[in-house]
Amino acid sequence: MGDEPAESGGSVGRQWTMNARDTILNGLAQELRPMSEGVGWFESLADDEQFDVLHYLAEHCRQAHATVDDGVESIRRSGIRPTHTPAVLITRGQLNVQLQKIINLPHDERIKAFRLLVALLGVADERRRARYCVDGCSHIWHQLGPGWEIGTATEK
């Protein structure tokens with residue numbers, strides 16, 4: 001998800017761009033590529049880059065207006081167990097507080113947090129897409145096609 005200015009199709013006349021990270025995260029959230037590829041990409045990042053990605057994902061989830069009610073479906077889509085720490089946190093209420101806790105979990109919880117936040121973004125964006133973009137939109141992150149690949153996303 002890019003920096004979306006409005007509830008509907010964005011602001012008129014404003015051109016949105018996505019960097020490689022935006023492309024990867026949105027493509028994974030839209031299930032255009034398998035999560036295993038996303039996890040491989042995430043694992044290849046340095047520790048500080050992993051933290052940045054988790055932070056960035058949490059911000060995308062906020063922009064997509066994710067809710068606590070999205071938690072159960074996000075857990076299911078992520079493939080993590082409901083008893084894993086990120087899953088327990090996502091269903092506790094006060095989503096902004098829980099997102100902050102999730103991105104600050106210890107290193108050994110990062111893959112689970114990544115999987116969950118990608119799924120949460122997907123659930124929230126899917127709902128918003130059905131509500132605001134059903135007849136098409138100009139959101140650049142909704143224009144990804146099934147042919148994009150993680151290794152070919154380029155930085156803008």
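How much accessible surface does the protein chain have, and what share of it belongs to carbon and sulfur atoms? About 7,900 Å², with 49% on carbon and sulfur. Okay, with that on the table, let me walk you through the rest.

One thing up front: this is a predicted model. The mean pLDDT of the protein chain is 80, and 71% of its residues get to 70 or more. There are stretches to be careful with. Over residues 1–15, pLDDT stays under 50, and there the model has 30 contacts beyond four places in sequence. The other stretch I want to flag is residues 150–156, again with pLDDT under 50, and with 15 contacts beyond four places in sequence. Where pLDDT is low, the predicted coordinates should not be read in detail. I'll leave those contacts alone, then, and move on.

Now the overall layout. We have seven helices and zero strands, so to speak an α-α-α-α-α-α-α run from the N terminus on. The protein chain has 156 residues, and 47% of them count as buried. As for contacts, if you take those with a separation of 6 or more, 75% are between residues 24 or more positions apart.

Let's go inside. The largest nonpolar core has 34 residues. Which residues have the most contacts inside it? Those are Trp41, Val53, Leu57, Ile90, Leu99, Phe114 and Leu117. Several helices feed this core: H1 (20–29), H2, H3 (47–63), H5 (85–90), H6 (95–103) and H7 each put in at least two residues. H7 gives the most, with eight residues.

Keep Trp41 and Phe114 in mind, please, as we turn to the aromatics. Searching the whole structure turns up two aromatic pairs. The Trp41 and Phe114 rings have centres 6.3 Å apart and planes at 50°, so this pair is tilted. Trp41 sits in helix H2 (residues 35–43) and Phe114 in helix H7 (residues 110–132), so to get from one to the other along the chain you cover 73 residues. Both Trp41 and Phe114 are buried.

Then there's Phe42 with Phe114. Is that pair stacked or tilted? Stacked, because the ring centres are 4.4 Å apart and the planes are at 15°, and the cut-off for stacked is planes under 30 degrees apart. Phe42 is in H2 and Phe114 in H7, so this pair too ties together parts of the chain, here 72 residues apart in sequence. Phe42 is buried at 0% relative accessibility, and Phe114 also has a relative accessible area of 0%. Put the ring pairs together and you get a cluster of Trp41, Phe42 and Phe114.

While we're on rings, have a look at Tyr56. Arg21 lies over its face, at 3.8 Å from the ring centre.

Next stop, helix H3, with two residues I'd like you to click on. One is Ala58, which lies in H3 and counts as buried, at 0% relative accessibility. Setting aside residues up to four places away in sequence, what does Ala58 touch? Leu99, Ile103 and Leu117. Leu99 and Leu117 were on the list of core residues with the most contacts. Ala58 and Phe114 are 56 residues apart along the chain, and their C-alpha atoms are separated by 9.6 Å.

The other is Asp47, also placed in helix H3. Asp47 is partly exposed, with a relative accessible area of 47%. Leaving out neighbours within four places in sequence, Asp47 is in contact with His107 and Arg110. For Asp47 and His107, that's 60 residues apart in sequence and 8.1 Å from C-alpha to C-alpha.

Last bit: backbone oddities. Most residues other than glycine have a negative phi. So where do we find a positive one? Glu31, which is not a glycine, has a positive phi of about 60°. Glu31 is in the loop between H1 and H2, and it is exposed, at 55% relative accessible area. Gln94, not a glycine either, has a positive phi of about 45°. Gln94 lies in the loop between H5 and H6, and it is exposed as well, with a relative accessible area of 60%.

To recap, then: a predicted model with seven helices and zero strands, a largest nonpolar core of 34 residues, and an aromatic cluster of Trp41, Phe42 and Phe114. That's me done, thanks.

Key: Residues are numbered from 1 along each chain as its sequence is written. This is a predicted model: local features need pLDDT of at least 70, side-chain atom pairs count only at pLDDT 80 or more; totals for chains, interfaces and linings use all residues. Side-chain values use heavy atoms; hydrogens and water are left out. pLDDT is the predictor's confidence in each residue, from 0 to 100. Contact means heavy atoms within 4.5 Å. Rings of Phe, Tyr and Trp (its six-membered ring) pair if their centres lie within 6.5 Å; planes under 30 degrees apart count as stacked, over 60 as edge-to-face and the rest as tilted. Helices (H or I, at least four residues) and strands (E, at least two) are DSSP runs, numbered from the N terminus. Buried means under 20% relative accessible area, exposed over 50%, partly exposed in between (1.4 Å probe, protein chains only). A charge sits over a ring if NZ of Lys or CZ of Arg is within 6 Å of the ring centre and within 35 degrees of the ring normal. Accessible areas come from the Shrake-Rupley method with a 1.4 Å probe; for residues, only the protein chains shown count as cover. A nonpolar core is a set of buried Ala, Val, Leu, Ile, Met, Phe, Trp, Tyr and Cys residues joined through side-chain atoms within 4.5 Å.
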